[in-house]
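Biologist: I'm new to this one, so could you walk me through it while I keep asking things?
Modeller: Gladly, let's bring it up and go through it topic by topic.

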Amino acid sequence: MSENTPLDRSVFDQVMVPNYAPSVVIPVKGAGSRVWDQNGREYIDFAGGIAVSALGHTHPRLVSTLKEQAEKLWHVSNVMTNEPALRLASLLTERTFAERVFFANSGAEANEAAFKLVRKYAHDHYGEDKNEILSFYSSFHGRTLFTVSVGGQAKYTEGFEPVPGGITHANYNDLASVEAVISDKTCAVVIEPVQGEGGVMPADPEFLKGLRALCDKHNALLVFDEIQTGVGRSGELYAYMKYGVMPDILTTAKSLGGGFPVAAMLTTESIAQSFGIGTHGSTYGGNPLACAVAEALLLELEEKKVIEQVPEKNARFVNALEEINAEFQVFKEIRSCGLLIGCEMNEKYQGKAKDIMAKAMEQGLMALIAGPNVLRLAPSLIIEDKDIDEGMALLRTAVREFVNTEV
Ligand SMILES: *Cc1c(COP(=O)(O)O)cnc(C)c1O
């Protein structure tokens, strides 16, 4: 590649590992829920960088916080602590069940910490035989070998064997299937309160309450992976608050940094004791840049009462989607939890969610899928009503074109 080669999509195939299949569109600029590509074409963003851009693109407060911190201090390592990390951890412990925080850089790393901690805690308190992690089919917990093995989608571990042992899967929303496999050897049950990648599938409240009771009965820890549902997306700061079911450990990432990489594992004081000095760590985890941005994001959510407005925005999205579906009959079900929305394709259009996503992109709308059958939307929590309405008009055109090309 020479200096003058245009940076188009074809360069990707020449210089990148082929594990992704990105769109031909290359965004260069964003503001709020609008994005512009290399050719100056405008897009409305219903994807939110996969449930990350909670305050949209280039939010002025996040930009100024990042710039201010960039001029003060970027990195010191965990040989020293830093003020933004102390402030963010204080805020997270004040606003949640948690009393202790471990910082990481990505969702998978926060989960890796959680899964190591549940093993270590069981080892410390009950001995080495209590080591089984119970999770759910169709769940997603990240792409490191441990987290992808705890995840419940075999296609993601195929070819990477041998995978770590001591992991069992049960059926989501099926308490009997949990009762059939949970035992005193179970050290933790790991669950997404709403399965995100698995198709935007919310847990039944009774199911989560049942898991809490089973965990208590078997001295197992309950871990909520709130990497996708957290930081206001559900309509509460964390979805566990909506369900009224308290986890022992919670992981959060994605929206936490609004696009700056940061993640955290939250837990109680007593469980945290099993991560004594030297047991676990991360070079970048808790760095001042990431923590300053996350703190600003959480404060902005509070000061502007952003989370309180999520149900209203949810209704605006869902109503528009139902209107589109009344006209074109493409979806079997529209599921949502706040601003995490999934539209499951009906029998006639099985496996075709990505075709609607592609048609939407042609119209200038960024959307997502969650598996082959679900069109997923995970927009900014502060997306403006006019962006929702305009985006939905684009989606209607995309669905109409999709239906027309299908017949
Ligand atoms: C995205 C996601 C992860 C992985 O996060 P990364 O930052 O990509 O490592 C884990 N769990 C859930 C529920 C997610 O949605």
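Biologist: Which atom of the ligand does the side chain of Asp 225 lie 2.7 Å from?
Modeller: It is a nitrogen atom of the ligand, and the partner on the protein side is a polar side-chain atom of Asp 225. Please keep in mind that this is a predicted model.

Biologist: And what do Gln 228 and Ala 108 do around the ligand?
Modeller: Gln 228 places a polar side-chain atom 2.7 Å from an oxygen atom of the ligand, while Ala 108 uses its backbone, with an N or O atom lying 2.7 Å from an oxygen atom of the ligand.

Biologist: How much of the ligand's accessible area does the protein cover?
Modeller: On its own the ligand has 380 Å² of accessible area, and the protein covers 81% of that.

Biologist: Which residues surround it?
Modeller: The ligand is surrounded by Ser 106, Gly 107, Ala 108, Asn 111, Phe 140, His 141, Gly 142, Glu 192, Asp 225, Ile 227, Gln 228 and Lys 254. By character, the residues of this shell divide into three nonpolar, six polar and three charged.

Biologist: Which element gives the most to that shell?
Modeller: That is helix 5, which covers residues 107-126 and contributes three residues to the shell.

Biologist: Lys 254 was in your list; where is it along the chain, and is it buried or exposed or in between?
Modeller: Lys 254 sits in the loop between strand 11 (249-252) and strand 12 (263-267), and it counts as partly exposed because its relative accessibility is 22%, which falls between the 20% limit for buried and the 50% limit for exposed. Its phi is near 35 degrees, a positive value in a residue other than glycine. For background, most residues other than glycine have a negative phi.

Biologist: What about phi at Lys 305?
Modeller: Lys 305 also has a positive phi, near 50 degrees, and this residue lies in the loop between helix 11 and helix 12 (310-328).

Biologist: Changing topic, how many salt bridges does the structure hold?
Modeller: The structure holds 26 salt bridges. One of them joins Asp 387 to Arg 34, with the closest N and O atoms 2.5 Å apart. Asp 387 lies in helix 14 (residues 385-406) and Arg 34 in strand 2 (residues 34-37), so this pair ties together parts that are 353 residues apart in sequence.

Biologist: Are those two buried or exposed?
Modeller: Both Asp 387 and Arg 34 are buried. They also belong to a network of salt bridges that links Arg 34, Glu 42, Glu 384, Lys 386, Asp 387 and Glu 390.

Biologist: Which residue does Arg 95 pair with?
Modeller: Arg 95 forms a salt bridge with Glu 302, the closest N and O atoms being 2.4 Å apart. This pair links distant parts of the chain, since Arg 95 is in helix 4 (residues 83-95) and Glu 302 in helix 11 (residues 288-303), 207 residues apart. Arg 95 is partly exposed at a relative accessible area of 34%, and Glu 302 is partly exposed at 35%.

Biologist: And where do Lys 120 and Asp 124 lie?
Modeller: Both are in helix 5, four residues apart, which is about one turn of the helix. Their side chains meet in a salt bridge, 3.3 Å from N to O. Lys 120 counts as partly exposed at 30% relative accessibility, and Asp 124 is partly exposed with a relative accessible area of 42%.

Biologist: Now the surface: which residues form a nonpolar patch there?
Modeller: Leu 145, Phe 160 and Val 163 form one, and together they have about 260 Å² of accessible area. Phe 160 is in the loop between helix 6 (145-150) and strand 6 (167-170).

Biologist: Why does Phe 160 count as exposed?
Modeller: Phe 160 counts as exposed because its relative accessible area is 53%, and the category begins over 50%.

Biologist: What is the peptide bond from Glu 161 to Pro 162 like?
Modeller: That bond is cis, with omega near 0 degrees, and Pro 162 lies in the loop between helix 6 and strand 6. As a general point, most peptide bonds are trans.

Technical notes
Residues are numbered from 1 along each chain as its sequence is written. This is a predicted model: local features need pLDDT of at least 70, side-chain atom pairs count only at pLDDT 80 or more; totals for chains, interfaces and linings use all residues. Side-chain values use heavy atoms; hydrogens and water are left out. Patches are made of residues with over 30% relative accessible area and no salt bridge: like charges are joined within 9 Å, nonpolar side chains (Val, Leu, Ile, Met, Phe, Trp, Tyr) within 5 Å. Accessible areas come from the Shrake-Rupley method with a 1.4 Å probe; for residues, only the protein chains shown count as cover. A salt bridge is a side-chain nitrogen of Lys or Arg within 4 Å of a carboxyl oxygen of Asp or Glu. Helices (H or I, at least four residues) and strands (E, at least two) are DSSP runs, numbered from the N terminus. Buried means under 20% relative accessible area, exposed over 50%, partly exposed in between (1.4 Å probe, protein chains only). A residue is near a molecule or strand if one of its heavy atoms lies within 4 Å of it. A polar contact is a pair of N or O atoms within 3.5 Å; within protein, one must be able to donate a hydrogen and the other to accept it, and residues adjacent in sequence count only if both atoms are side-chain atoms. Ala, Val, Leu, Ile, Met, Phe, Trp, Tyr, Cys and Pro count as nonpolar, Asp, Glu, Lys and Arg as charged, and the others, Gly among them, as polar.
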